[in-house]
Each structure stands twice: as C-alpha cells, then as structure tokens.
Amino acid sequence: MPGSQPTFERTLADYFRERLHDEGAELNPIPQEDTLWYMGNMLARFGDSDQLFCYDEGELGIRPLAMLYKDAHEANDHRERCLILRQLGDVALFVGALFPESYARRGILKDYFVGMGGGAYGYLSENAHQNRHVFSELASTFTRMLELVARVCSKETQFDAGDILSLYQRWRRNQDPRLEEQLRALGIVVAGDDRIH
C-alpha cells in the first residue's frame, strides 16, 4: 500500500539485546558487543521453558548446578563437556540474576552462582571451539553480568503502597543494593538509620 509505514517484528532476542545494550552502556568498561549479543540470545532461549526446565526423577524443575557440573565432569567427550558447561554457565547467570531471593531462602547465595557460572565460562574461555572471548568476559565479570541481567529483566510495573512496603521489608532483611536501587527508583530514599525519607 503506497504511503503506509513499514512494520517491523522484533524478536525476544532483539528486545533483550537492546535492553542489554542500553543498560550495559552505563557500565565501565562497557561489555563487548558480542557478549551482549550472546546474553540476549541466552535470555530469549530461556524464554522457552523447555530450554530451562527438565524432568528429573519425575518432577519438572531446573537441574541443580552441582548436577550439571557432575554431568560435565562425567562427559565422554570434549564437545559434550563444553555443551553441558555452557548450559551450566547460562543457567547460573539466569537464575542467579532473576531468582536470588528464592535461592537465598534455601541457603544458596550469590557466591555459589558466581563460582559455578564463572568457573564454567572460564573453562569454555580456554576450551570452546567458538566464542572464547565472550566466555572469557563472562567469566571475568560474572558478578557484573548478574547485576546487568537482573536490571534488564526487572519488572516495570506500577507499585502500590503494599508492594513498596514489601520491597522495603525485604531490603531491611538483607540490605541488598539492588533492592535499595529499586526503592530509590520509586523515589524512596533509605537513610543509614533505616528510616524512609
């Protein structure tokens, strides 16, 4: 039709890559473009629950990182080991960024995700056939990448008073800087004496 505007379809990977690029621009140093591309594809891949969840002992769930590590250790060949370690690194980055409080309640802290994910990516940075520079950056900056993914995937919703109070109470329990940042974004400044201003 003459004069009509073209329509563009964005994929989920495009959406995440754009958000990663925007949020990553605030980091110093700025993550490599290839790394942001990889992470955008990873986030989109886990948008399909079949890529994240699996059946284990008759129950649907996320395979524990320690079990993925065991699978990689017992892998029969180099290619299989690298594929499992890539899944291990990706799952550690994804769940460590999006569900830290859920795992913390079970005693699994951020250091566990950093160790497992960073270690998996570190192995891949020396042994993968492709993307070694991407895995190297993910391994060396895993904590920053956890925070980047958490910001990119944070909910953009309107908070009511109950939501804000719940967010504040969660912050008081664990002093998580990400929760403090969310409170500040809502216009709530938390003073050193834990009072809201």
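Below, two colleagues chat about a few local features of this predicted model.

Biologist: Hi! Which residues make the nonpolar surface patch?
Modeller: Hello! This is a predicted model, and in it Phe53, Tyr55 and Leu60 make a nonpolar patch of about 360 Å² on the surface.

Biologist: Nice. Where is Tyr55 placed?
Modeller: Tyr55 is in strand β1, which covers residues 54-56.

Biologist: And is Tyr55 buried or exposed?
Modeller: Tyr55 counts as exposed because its relative accessibility is 66%, and the cut-off for exposed is over 50%.

Biologist: Switching to the backbone: which residues does the cis peptide bond join?
Modeller: That would be Asn28 and Pro29, with omega at about 0 degrees. Pro29 lies in the loop between α1 (12-24) and α2 (33-46).

Biologist: What about phi at Asn131?
Modeller: Asn131 is not a glycine, yet its phi is positive, about 60 degrees.

Biologist: Why point out features like these?
Modeller: Because most peptide bonds are trans, and most residues other than glycine have a negative phi.

Biologist: Makes sense. Where does Asn131 sit?
Modeller: Asn131 sits in the loop between α7 (110-127) and α8 (132-140). With a relative accessible area of 35%, Asn131 is partly exposed.

Biologist: Last topic, Glu18: which helix is that in?
Modeller: Glu18 belongs to helix α1. Glu18 is partly exposed too, its relative accessible area being 42%.

Biologist: How far apart are Glu18 and Trp37?
Modeller: In space, 9.2 Å from C-alpha to C-alpha; in sequence, Glu18 and Trp37 are 19 residues apart.

Definitions and conventions. Residues are numbered from 1 along each chain as its sequence is written. This is a predicted model: local features need pLDDT of at least 70, side-chain atom pairs count only at pLDDT 80 or more; totals for chains, interfaces and linings use all residues. Side-chain values use heavy atoms; hydrogens and water are left out. Patches are made of residues with over 30% relative accessible area and no salt bridge: like charges are joined within 9 Å, nonpolar side chains (Val, Leu, Ile, Met, Phe, Trp, Tyr) within 5 Å. Accessible areas come from the Shrake-Rupley method with a 1.4 Å probe; for residues, only the protein chains shown count as cover. A salt bridge is a side-chain nitrogen of Lys or Arg within 4 Å of a carboxyl oxygen of Asp or Glu. Helices (H or I, at least four residues) and strands (E, at least two) are DSSP runs, numbered from the N terminus. Buried means under 20% relative accessible area, exposed over 50%, partly exposed in between (1.4 Å probe, protein chains only).
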